[in-house]
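Work through the exercises below with the model open beside you. Try each task before you read its solution.

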Amino acid sequence: GNAALVTVMGDSVQFTYDDSSLYGTGNVIGNTIFFTPSDFKAESLDGAGLVQTSESLDVTVETLGSNLIESFQVYESGDYKIFGAGASVSAIAELAVDSQTTAYTDSVAFSAGALTTQNVLTDWSAGAALDLGDTAGWETDTQVIMTLSNTLSATSLNAGVGETAFIEKKFYGSAIGITIDTMPPSSIVPVPAAAWLFGSALGLLGWLRRRA
C-alpha cells in the first residue's frame, strides 16, 4: 500500500524503483545508484534460534541517448556483533539482470564470507561484478531490470548465557558500465568513468559514516 515508483537520472542511464523497500531511497552519482538503508537488520538473542531478514528490489535501468549498458558492479557493507559459542551471522546476496529488449538474463551470487569476530561491533562487506559479454551473444543492452536480493541471518542457540547475534546492512550500491553505440563494434571498450564514479559513491559512504 506504500509502494511508490521513483525515477532518478544518472549521466547516461535512468533508474526506476520502488522506494518502499528495506533498501530505502536511492541516490545517484554519475551512473551509480546507491542506498543507505536504516532498518535492514537481523537479530537473535538468548537462544532465539535463526532469525532472517530478506528483501529483493527491482530496478529498471534504461539508457539515455546513444548509450548501451555493458556491465554492473555491486558493493554492499554493514556491521555485525556476535557473542557466545552458539551465535553466528551471515550476509548473502544475488544480482540478477533481465533484459527488457532481448531474451537474455544473467545473475551472480555472492556473500560476506565468514563473520566470526566475537564481542566487538565489526564491519563487513561484499561485492561482485556482472559483464553482459559473459553470456554468449549478449554484449550490450539498452533496458534491463536489475534485481538486488539480500538475506541477513542471525542465530543464537544457547539460552540463559546472554548470547547475541546481530547484523545490519548500511550501504548497497551498483555502478553501471556504459558504452556509446555509435562506435564500431571492435572499438567498444568499458568506460573508465564507471569505476571512479563507484569509488565516489563509496567515498560518500565514508563521509556519511564520519558524520554518524
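A salt bridge is a side-chain nitrogen of Lys or Arg within 4 Å of a carboxyl oxygen of Asp or Glu. Keep in mind that this model is predicted.

**Exercise 1.** Find how many salt bridges the whole structure holds, and check the pair formed by Lys 169.

Solution.
- Step 1: A search of the whole structure gives two salt bridges.
- Step 2: Lys 169 pairs with Glu 76; their closest N and O atoms are 2.3 Å apart. The cut-off is 4 Å.
- Step 3: Place the partners. Lys 169 sits in strand β12 (residues 164-180) and Glu 76 in strand β7 (residues 67-83). They are 93 residues apart, so the pair links distant parts of the chain.
- Step 4: Both Lys 169 and Glu 76 are buried.

**Exercise 2.** Which residue does Asp 79 pair with, and is each partner buried or partly exposed?

Solution.
- Step 1: The partner of Asp 79 is Lys 170, with the closest N and O atoms 2.8 Å apart.
- Step 2: Asp 79 belongs to strand β7 and Lys 170 to strand β12, so this salt bridge ties together parts 91 residues apart in sequence.
- Step 3: Asp 79 has a relative accessible area of 3%, so Asp 79 is buried. Buried means under 20%.
- Step 4: Lys 170 reaches 32% and is partly exposed.

**Exercise 3.** Trace the open sheet of six strands and name its edge strands.

Solution.
- Step 1: The order is β1-β2-β6-β11-β8-β9, with antiparallel pairing.
- Step 2: The edges are β1 (5-9) and β9 (105-111), since each pairs on one side only.
- Step 3: From one strand to the next, the twist averages 20°.
- Step 4: Five bridges join β1 to β2 (residues 13-18). Leu 5 stands opposite Asp 18 in β2.

Key:
Residues numbered from 1 in each chain as written. Predicted model: local features only at pLDDT ≥ 70, side-chain atom pairs only at ≥ 80, totals over all residues. Heavy atoms only, no water. Pairing = 2+ DSSP bridges. Helix = DSSP H or I, 4+ residues; strand = E, 2+ residues; numbered from the N terminus. Axes fitted to C-alpha atoms, helices over the stretch in contact; angles between N-to-C directions. Buried < 20%, exposed > 50% of the residue type's maximum accessible area, 1.4 Å probe, protein only.
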